[in-house]
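This briefing covers helix packing, buried helix faces and a loop residue. The sequence and structure come first, and the notes follow.

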Amino acid sequence: MSIGAAAEIKQKLDLVELIGETVQLRRAGTSWKGLCPFHGEKTPSFVVTPVRETWKCFGCGKGGDLFNFVMERDGIDFPAALRILAGRAGVELSERTSREDAERKRLREVLEAAIAFYHLVLTTHKAGGPALEYLHRRGFTDATIETFQIGYAPAAWDAMTTALRTRRGFPDADLEAAGLVLRRQRGSGVYDRFRDRVIFPIRDVSGHPTGLGGRVLGTYDPATQGGKYINTPATLLFDKSRTLYLIDRAKAGIRRTGRAVLVEGNTDALMAHQAGFDNVVGTLGTALTAGHVELVTRYA
């Protein structure tokens, strides 16, 4: 699967250097801080985190990657920012790559909205109570649940679909392209792919969402529940054979220690990180592939 022009641009451009042309930045540990260019402030609340390839203002709440920064700075849309940064990075764009990168950005927005919905259900809604109790029994802390945005998909057929369609205006086609829904076999419309499952957001090395993993609660019945774990199907963003759970969190630990520890399940990887072992990744229940090896050796 091609990484796309946007990912190639990120590899070639330095985020701190780019933002530093607009914001006077000063190093603060592994991050950089400065005065936000998008609202007036006297105390720096604008933070650039190179290892995550992100920026965030804790004053006005704006944030994102280098594309979001240029979009906010220049008041332009994503395709325009893509063209500007491609020229700076020396990356040649075709009409197809521009269209695919715009679609990737839209699907990431859909996934972020779904992740936020599932996390809200788990942590604030009574429907998420049993799932929250299950996670606590497994030993996961509230801090871990918050940090890794663990969620819960209600047992209802269309809870997520309804929420994203009515509150965010996402069409069914985008939900389907992101791997979140299935088409009804009879009649029209779609229904939620993940139901009555603990939800684990899956992200790429830059921290962008690519898919979800879902684990059943309670007694597992393969005749009615499918797999104990299910993942997002193959999409423009998600390729299980080239994806490792928590690689965005583990890449710094892998680089620091010179080694990566691979485990099978999401909960195994998550518990390792909670215990302080930050070079652990999960293979999403699949056999080790050449794509997995290539991914971790970038940082080892």
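Buried means under 20% relative accessible area, exposed means over 50%, and partly exposed lies in between, with a 1.4 Å probe and protein chains only. By that measure, the buried residues of helix H13 (residues 290-297) are Gly291, His292, Leu295 and Val296. Helices (H or I, at least four residues) and strands (E, at least two) are DSSP runs, numbered from the N terminus.

The model is predicted: local features need pLDDT of at least 70, side-chain atom pairs count only at pLDDT 80 or more, and totals for chains, interfaces and linings use all residues. Residues are numbered from 1 along each chain as its sequence is written, and side-chain values use heavy atoms, with hydrogens and water left out.

**Helix H13 and its surroundings**

- Seen down the axis of H13, the buried residues fall within an arc of 125° (taken from the directions from the helix axis to the C-beta atoms), so they line one face of the helix.
- These buried residues pack against helix H11 (247-257) and strand E13 (280-282), where contact means heavy atoms within 4.5 Å.
- Gly291, in helix H13, is buried with a relative accessible area of 10%.
- Apart from neighbours within four places in sequence, Gly291 is in contact with Ser241 and Arg242.
- Gly291 and Phe58 are 233 residues apart in sequence and 36 Å apart in space, C-alpha to C-alpha.

**The loop before H13**

- Thr283 lies in the loop between E13 and H13 and counts as buried at 7% relative accessibility.
- Leaving aside neighbours within four places in sequence, Thr283 contacts Leu244, Leu262, Val263, Glu264 and His292.

**Helix H6**

- Ala131, Leu132, Tyr134 and Leu135 are the buried residues of helix H6 (residues 129-137).
- They cover an arc of only 155° around the axis, which puts them on the same side of H6.
- Exposed residues Glu133 and Arg137 are carried on the face of H6 turned away from its buried side.
- Gly139, just after H6, takes a positive phi of about 100°.

**Packing of H1 and H4**

- The axes of helix H1 (residues 4-12) and helix H4 (residues 78-89) come within 9 Å and cross at roughly 50°.
- Axes are lines fitted to C-alpha atoms, for helices over the stretch in contact, and angles run from 0 to 180 degrees between N-to-C directions.
- H1 and H4 are therefore oblique to each other; angles under 35 degrees count as roughly parallel, over 145 as roughly antiparallel, 65 to 115 as roughly perpendicular and the rest as oblique.
- Ala6, Ile9 and Lys12 in H1 meet Leu82, Leu85, Ala86 and Ala89 in H4.
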